[in-house]
There are 2 protein chains.
Amino acid sequence: MANVTDWLDKVKWAENGLVPAIAQDAASGRVLTLAWVNREALARTVETGEAHYWSRSRSKIWHKGEESGHVQKVKSVRIDCDEDAVLLEVEQRGGIACHTGRESCFFQRLEDGRWVSADPVLKDPREIYRS
Amino acid sequence: MANVTDWLDKVKWAENGLVPAIAQDAASGRVLTLAWVNREALARTVETGEAHYWSRSRSKIWHKGEESGHVQKVKSVRIDCDEDAVLLEVEQRGGIACHTGRESCFFQRLEDGRWVSADPVLKDPREIYRS
């Protein structure tokens, strides 16, 4: 009988225990975020059906949307040919993935040698993160 | 007058000099690859309009498609809010990004606790990489 965590063993975790995790919006196709998962974060993501990441700045598991309500409901989990990167197809609650209030964290586009903000702020961050 | 490499200085390169680079197909919206760029690879990508990555296994710049012909024509370059990940919107020559002959490297999907190959092989790798 296959061990229930075999699929986690197949991931080629880096020395720091992490692999990059891309979240892509299932409806719009936009790439929303590039975050990181460790074994526990990926396990929780699959168990709960909501994206959990490893916060490198806070050194702890981070349930995306725990403060903002902008959780990511996971529709599918994919892994690449090298098994060292994962892709989450998600339903983005609130339509906002970025802490700046934008749909995607990838809102800066290179134009004539400069990074230019290319996407609108959909909601004031002060309204997203109430103290 | 702005230095022409200011935009490269703004990238928050990791200690190993790299950041992850996602390639997304401009037409299909599929996430094709997660690779890595260093300063030189990203500069060459922008200069040439074709994706260049840093090969961690070979420790050298890798012009994607140099052997297979499956180059990635870059339509836009984006960076995320933390400035430590980039997103390339590409036109994938041959419609195949993966060395296995599939459209995307993310062809394995988690189903009932197992990674299952979910996408067809479009071309036999032996036909892609002729010796």
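Trainee: Why are β5(A) and strand β7 (residues 108-111) of chain B said to pair, and in which sense, parallel or antiparallel?

Mentor: They pair in the antiparallel sense over 2 bridges. Two strands count as paired if DSSP finds at least two bridges between them, so this one qualifies. Strands here are DSSP runs of E, at least two residues, and helices are runs of H or I, at least four, all numbered from the N terminus. One bridge partner to look at: R78(A) sits across from R109(B) in β7(B).

Trainee: Any ground rules before I go on?

Mentor: This is a predicted model, where local features need pLDDT of at least 70 and side-chain atom pairs need 80 or more, while totals for chains, interfaces and linings use all residues. Residues are numbered from 1 along each chain as written, chains are lettered from A and ligands numbered from 1 in written order, and side-chain values use heavy atoms, without hydrogens and water.

Trainee: What makes β7(B) and β8 (residues 114-117) of chain B partners?

Mentor: 4 bridges join them, running antiparallel. E111(B) stands opposite R114(B) in β8(B). The hairpin has 2 residues between the strands, and D112(B) takes a positive phi near 50°.

Trainee: How do you know what kind of axis relates the chains?

Mentor: Superpose by least squares on C-alpha atoms of residues with pLDDT of at least 70 in both copies. Chain A then lands on chain B with an RMSD of 0.0 Å, by a turn of 180° and a shift of 0.0 Å along the axis. That is the relation of a two-fold axis. In chain A, G29(A) comes closest to that axis, at 2.9 Å (C-alpha).

Trainee: Why say the copies meet through the same surface?

Mentor: Because 100% of the interface residues of chain A are also interface residues in chain B. Contact means heavy atoms within 4.5 Å, and it takes 36 residues from each of chain A and chain B.

Trainee: How much area do the two chains bury?

Mentor: About 3300 Å², 65% of it on carbon and sulfur atoms. In chain A, R78(A), F106(A) and W115(A) lose the most, together 24% of what that side buries. Buried area is the accessible area (1.4 Å probe) lost on being put together, summed over both parts.

Trainee: What makes D119(B) and R78(A) a salt bridge?

Mentor: The rule wants a side-chain nitrogen of Lys or Arg within 4 Å of a carboxyl oxygen of Asp or Glu. Their N to O value is 3.2 Å, so the pair passes. Across the interface the rule finds 4 of these.

Trainee: And which bridge links distant parts of chain A?

Mentor: R39(A) and D9(A) meet at 2.9 Å, N to O. R39(A) is in helix α2 (residues 39-48) and D9(A) in helix α1 (residues 6-9), 30 residues apart. Over all chains, the structure holds 26 salt bridges.
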